[in-house]
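I'm opening my notebook on this one and jotting down what I look up as I go. Here is the structure I'm working from.

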Amino acid sequence: MSHPSSPLPEYVPLAEVVRSGFREGVHYGAVVGIAPDGGTGYARGPVGAPMFPRSAAKPFQALAVLRAGADLSGAELAVAAGSHSGQDIHADIVRKMLADAGLSPDDLRCPVDWPMGRRFRDALLRSGGEPSRLLMNCSGKHAAMLTACTARGWSTADYLDPVHPLQVLVRETIEDMCGEPVAHTAVDGCGAPQMAVSLEGLARGVRAMALAPEGTPEAAVVAAMRAHPEYVAGEGRADTRLMHGLPGLVSKIGAEGVIVLADREGRAVAVKVSDGDAETRARTMVALTALRELGADVSPVSDMLSSDILGGGEPVGAIRPL
């Protein structure tokens with residue numbers, strides 16, 4: 001495997017892990033905040049460097065699906081832009097989307113997977129169930145892509161090929177919304193093309209969708225996410241909690257430490273935590289801190305601004321933004 005050609009980004013400290021008064025660890029990364037007037041109101045770290053949004057790009061992919069002619073709305077459009085938990089409501093709606101397109105779960109090209117979250121995995125195991133493509137967190141996006149292909153008469157077997165007409169449209173949509181060219185194209189965890197843009201481009205792109213006029217495809221995607229946050233993520237997960245707690249906010253997490261937020265007033269924040277934030281414990285508090293610095297009231301979700309560190313089952317410290 002070849003070495004990466006991209007230089008090491010100059011990430012900065014974003015959150016600290018303090019245990020019994022001792023700084024045990026630090027999460028490094030970058031964060032950018034766009035103010036209501038459209039200017040950059042908050043920036044730390046290399047916000048102009050290319051990065052992979054991962055699943056934070058799903059709103060753009062869902063927009064491309066609509067631009068291709070897919071007839072999706074409501075919860076179907078929300079799950080298309082989401083990374084669902086594999087709950088029954090998620091599997092059921094993805095199955096329906098495929099059936100409406102004359103397809104089946106066998107047409108999905110995402111990997112088989114277990115539901116996200118131990119409770120749902122355990123329930124599936126107890127019932128004798130097995131991992132499936134339907135349960136993979138990106139199956140909603142894949143079903144939406146297949147829906148677009150059938151609407152346009154495009155081939156479905158190769159819908160993940162970067163030169164497929166749908167993926168070309170996804171690239172054009174990302175460049176259109178983010179206002180910059182894609183810097184690199186890779187294969188995402190679900191098998192779809194993943195396209196690198198800057199953190200600032202990601203924030204500006206989702207902001208543009210959040211401010212789009214009613215009746216546009218851009219506004220439709222964001223409206224579906226706001227109205228159906230349980231289909232964007234799932235029970236107890238950050239995106240769902242944020243959108244329930246801060247009505248009007250749109251939130252989308254991506255793998256490897258990414259999150260993007262945008263509100264109705266024109267604020268937008270994008271975060272990249274360089275260590276990948278595997279336990280999803282730093283990025284949300286960093287994003288909310290930036291949103292607050294831009295003048296937003298985040299008090300309804302103030303419990304998400306820090307996280308306890310436990311010792312012997314009791315709080316002995318905290319993870320908190322720097």
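Leaving aside its neighbours within four places in sequence, which residues is Leu66 in contact with? I remind myself that this is a predicted model. I looked up the contacts and found Leu72, Leu77, Pro217, Ala220 and Val221.

**Entry: Leu66**

Leu66 belongs to helix H1. I noted it as buried, because its relative accessibility is 15% and the cut-off for buried is under 20%. I also checked Leu66 against Val206: the two are 140 residues apart in sequence, and their C-alpha atoms are 16 Å apart in space.

**Entry: H1 and H5**

Next I wanted to know how H1 sits against other helices. Two packed helices are described by the angle between their axes and the distance between the axes. I started with H1 (residues 58–68) and H5 (residues 139–152), whose axes come within 8 Å and cross at roughly 20°. So H1 is roughly parallel to H5, as angles under 35 degrees get that label. The crossing of H1 and H5 is left-handed.

Which residues of H1 meet H5? I wrote down Lys58, Gln61, Val65, Arg67 and Ala68 on the H1 side. Their partners in H5 are Lys141, Ala144, Met145, Ala148 and Arg152. I sorted the residues of this contact between H1 and H5 by type and got 5 nonpolar, 1 polar and 4 charged.

**Entry: H1 and H6**

Then I did the same for H1 and helix H6, residues 165–178. Their axes come within 9 Å and cross at roughly 120°. That makes H1 oblique to H6. I put this crossing down as right-handed.

From H1, the residues that meet H6 are Phe60, Gln61, Leu63, Ala64, Arg67 and Ala68. From H6, I listed Leu166, Leu169, Val170, Thr173, Ile174, Asp176, Met177 and Cys178. The contact of H1 with H6 divides into 10 nonpolar, 2 polar and 2 charged residues.

**Entry: the loop between H2 and H3**

I moved on to the loop between helix H2 (74–80) and helix H3 (88–100), where I found His84. Is His84 buried or exposed? His84 is buried, since its relative accessible area is 0%. A polar atom of the His84 side chain lies 2.9 Å from the backbone nitrogen of Gly86.

Ser83 is in the loop between H2 and H3 too. Ser83 counts as buried because its relative accessibility is 4%. With which side chains does the side chain of Ser83 make polar contacts? I found one with the side chain of Lys58, at 2.8 Å, and one with the side chain of Lys252, at 2.9 Å. Not counting residues up to four places away in sequence, Ser83 touches Ser55, Lys58, Asn137, Val232, Ala233, Arg237 and Lys252.

**Entry: the loop between S9 and H11**

Now some backbone angles. Most residues other than glycine have a negative phi. I therefore marked Asp277, a residue other than glycine with a positive phi near 45°. Asp277 is in the loop between strand S9 (268–273) and H11. Asp277 counts as buried, because its relative accessibility is 1%.

Thr280 also went on my list, with a positive phi near 50°. Thr280 lies in the loop between S9 and H11. I put Thr280 down as partly exposed, because its relative accessible area is 37%.

**Entry: H11 and just after**

How many of the residues of H11 are buried? I got 9 of its 11, so I wrote "mostly covered" beside H11. Among the buried ones are Arg283, Met285, Val286 and Leu288. Just after H11 comes Gly295, which takes a positive phi of about 105°.

Last, I looked at Ser299, in the loop between helix H11 (283–293) and strand S10 (307–311). Ser299 is partly exposed, because its relative accessible area is 45%. The side chain of Ser299 is joined to the side chain of Asp297 by a polar contact of 2.6 Å. I also checked Ser299 against Ala15: they are 284 residues apart in sequence and 19 Å apart in space, C-alpha to C-alpha.

Key: Residues numbered from 1 in each chain as written. Predicted model: local features only at pLDDT ≥ 70, side-chain atom pairs only at ≥ 80, totals over all residues. Heavy atoms only, no water. Helix = DSSP H or I, 4+ residues; strand = E, 2+ residues; numbered from the N terminus. Buried < 20%, exposed > 50% of the residue type's maximum accessible area, 1.4 Å probe, protein only. Polar contact = N/O pair within 3.5 Å; in protein donor to acceptor, adjacent residues only side chain to side chain. Axes fitted to C-alpha atoms, helices over the stretch in contact; angles between N-to-C directions. Parallel < 35°, antiparallel > 145°, perpendicular 65-115°, else oblique. Left-handed = near helix turned anticlockwise from the far one by under 90°. Contact = heavy atoms within 4.5 Å. Nonpolar A, V, L, I, M, F, W, Y, C, P; charged D, E, K, R; others polar.
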